[in-house]
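Please take a moment with the sequence and the 3D structure below before reading on. The paragraphs that follow lead from one helix to the surroundings of the ligand and then through further parts of the chain.

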Amino acid sequence: MTEIDPIPLAQLTTLRVGGTPARMIEARTRDELIAALRECWAAGENWFVVGGGSNLLVGDEPFDGTVVLARTRGIERLPAPSPARVRLRVEAGHDWDDLVAYAVVEGLAGIEAMSGIPGSAGAAPIQNVGAYGQEIVETLVEVELLDEATGEVETVPAADLELGFRTSVLKHHYGQAPRRRGVIVSLTLELRDVGHGDVPVEGAQLRQALRLAPDAAVSLRWTRDTVLATRAAKGMVLDDADLDTHSAGSFFQNAIVSASFARTLPPECPRWPMAVTVDPVTVIPLAAFDGVVPPPVSVQPDVKVSAAWLIEHAGLGKGFHLPRSRAALSSKHALALTNRGGATAEEIAELARFIQQRVQSEFGLILQPEPVLVGVEL
Ligand SMILES: Cc1cc2nc3c(=O)[nH]c(=O)nc-3n(C[C@H](O)[C@H](O)[C@H](O)COP(=O)(O)OP(=O)(O)OC[C@H]3O[C@@H](n4cnc5c(N)ncnc54)[C@H](O)[C@@H]3O)c2cc1C
């Protein structure tokens, strides 16, 4: 574990904002990562972990505590659970896209649609990363979690992380109480061993993004290359030279609203029904059973609505910025707030608040930020 001279978080976050913390530790091995956090917890210090810094909006004021940089690396192939399946254990600090590239080279399917998502593997479960309909919840088996409550590393099954739409029990803005507080040390994924030939593409959303017919078959390599090109065209692959990528990706989440609220929105607003959570078994006590099975209660599923559409139709088009502000919407994607050079965290937050207010007054809902906020309030 190496304590280093703290550097501004603006140099470590893809939004390029954030003050200099009081203390900074670089952890290059899992033992160093565990020791660093145990030390912070024993001392009662404020702390947070930074992986790739691609889902963080950190305030301009110095963070009064310790920032632990997760710089661990490594992919380990575990014994196969079945002939067609492969399990990989990945250290938390390992670069996510490097992991996807590895899987594709090895002919392992399940994460190829998430090519090009920046950041570390350890942060991927925090908000259940996903793209084009593929999410880590589909392949995550378990994580090794250093639990702040016990100080011990526990193996936590994916089901206990409550991975949902860009959320999990571990995700929280700094200062808010998470449902569970801890640090992912490693994660285990289970992928399908499909080799290097052409295979059918699962998921209508992915096939649509790749412009493939339902019966089309392509290689994992082709899917990865096409996803990377599609994302790059939207400024969603990090590129120092492209200011549209100086962002945290999508700044606002697509809004999840009730079916009845969705009907109040203009019909052109893109929307997708969420999966219905159905009570799988309704038990009728024998004594109460009169021979008549009640009809199932019809539950109208919640609806996910396009935040990008709401922003653009609230009059805030791509490239929008407030007067004299160095923060602007990406010129390629209305959901990405970008730093056009030298913007402060407060300028980013000011633009975010303005967008929230405009969308709320136009459509009556408050967009929620996707990045984790540290020392910033919207
Ligand atoms: C250009 C661009 C495109 C993006 N596209 C997508 C996309 O398509 N889909 C998507 O889902 N996201 C996307 N994102 C968001 C981001 O890349 C992901 O959320 C990513 O998983 C964040 O990883 P990170 O290592 O950078 O996390 P960081 O920003 O370093 O941290 C994010 C949060 O996770 C916590 N954290 C980090 N490591 C750990 C750990 N080991 N254990 C516990 N907590 C930890 C941090 O404390 C913080 O709260 C995009 C971002 C950018 C900049």
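Two residues are said to be in contact if their C-beta atoms, placed from the backbone, lie within 7 Å. Helices (H or I, at least four residues) and strands (E, at least two) are DSSP runs, numbered from the N terminus. This is a predicted model, in which local features need pLDDT of at least 70 and side-chain atom pairs count only at pLDDT 80 or more, while totals for chains, interfaces and linings use all residues. Residues are numbered from 1 along each chain as its sequence is written.

A good place to begin is helix 1, which runs over residues 30–43. Helix 1 has 14 residues and reaches 20 Å from its first C-alpha to its last, close to the 20 Å expected at 1.5 Å a residue, where the expected span is 1.5 Å times one less than the number of residues. Its buried residues are L33, A36, L37 and C40; a residue is called buried if 20 or more other C-beta atoms lie within 10 Å of its own, exposed if 12 or fewer, and partly exposed in between, with C-beta atoms placed from the backbone. Seen down the axis of helix 1, these buried residues fall within an arc of 90°, so they line one face of the helix, the arc being that of the directions from the helix axis to the C-beta atoms. An α-helix has 3.6 residues a turn, so residues three or four places apart point the same way. The face of helix 1 turned away from the buried side carries the exposed residues D31, A42 and A43. Covering the buried residues of helix 1 are, among others, strand 2 (23–27), strand 3, strand 5 (66–70), strand 11 (140–147) and strand 13. After helix 1 comes G44, with a positive phi near 70°.

Strand 13 deserves a look through one of its residues, V185. V185 is buried, with 22 other C-beta atoms within 10 Å. Apart from residues up to four places away in sequence, V185 touches R30, L33, I34, A92, E144, L145, L146 and V153. Between V185 and L335, which are 150 residues apart in sequence, the distance in space is 31 Å, C-alpha to C-alpha.

Which residues are closest to the ligand? The ligand is surrounded by 34 residues, and the closest are G51, G52, G119, G122 and G249; a residue is near a molecule or strand if its C-beta atom, placed from the backbone, lies within 6 Å of it. The elements that give two or more residues to this shell are strand 3 (47–50), strand 9 (130–131) and strand 13 (182–193), and the largest share, three residues, comes from strand 3. The shell divides into 20 nonpolar, 14 polar and no charged residues, where Ala, Val, Leu, Ile, Met, Phe, Trp, Tyr, Cys and Pro count as nonpolar, Asp, Glu, Lys and Arg as charged, and the others, Gly among them, as polar.

Helix 2 (residues 96–105) has W96, D97, L99, V100, A103 and V104 as its buried residues. Down the axis of helix 2, the buried residues fall within an arc of 155°, so they line one face of the helix. They pack against strand 6 (75–82), strand 7 (85–91), strand 8 (108–109), strand 13 and helix 4 (220–233).

The largest nonpolar core is a further topic, a nonpolar core being a set of buried Ala, Val, Leu, Ile, Met, Phe, Trp, Tyr and Cys residues joined through C-beta atoms within 7 Å. Of the 96 residues in the largest such core, V17, L57, V68, L69, I311, L337 and I348 touch the most other members, and the largest share of this core, eight residues, comes from helix 7 (residues 345–363). Leaving aside neighbours within four places in sequence, V17 is in contact with A10, L57, V58, D60, N339, A343, T344, A345 and I348.

Helix 7 itself has 19 residues and reaches 27 Å from its first C-alpha to its last, close to the 27 Å expected at 1.5 Å a residue. The buried residues of helix 7 include A345, I348, L351 and F363, and their cover includes strand 4 (56–58), helix 6 (307–313), strand 19 (327–329) and strand 20 (337–339). Q357 also has its place in helix 7, but with 12 C-beta neighbours inside 10 Å, Q357 counts as exposed.
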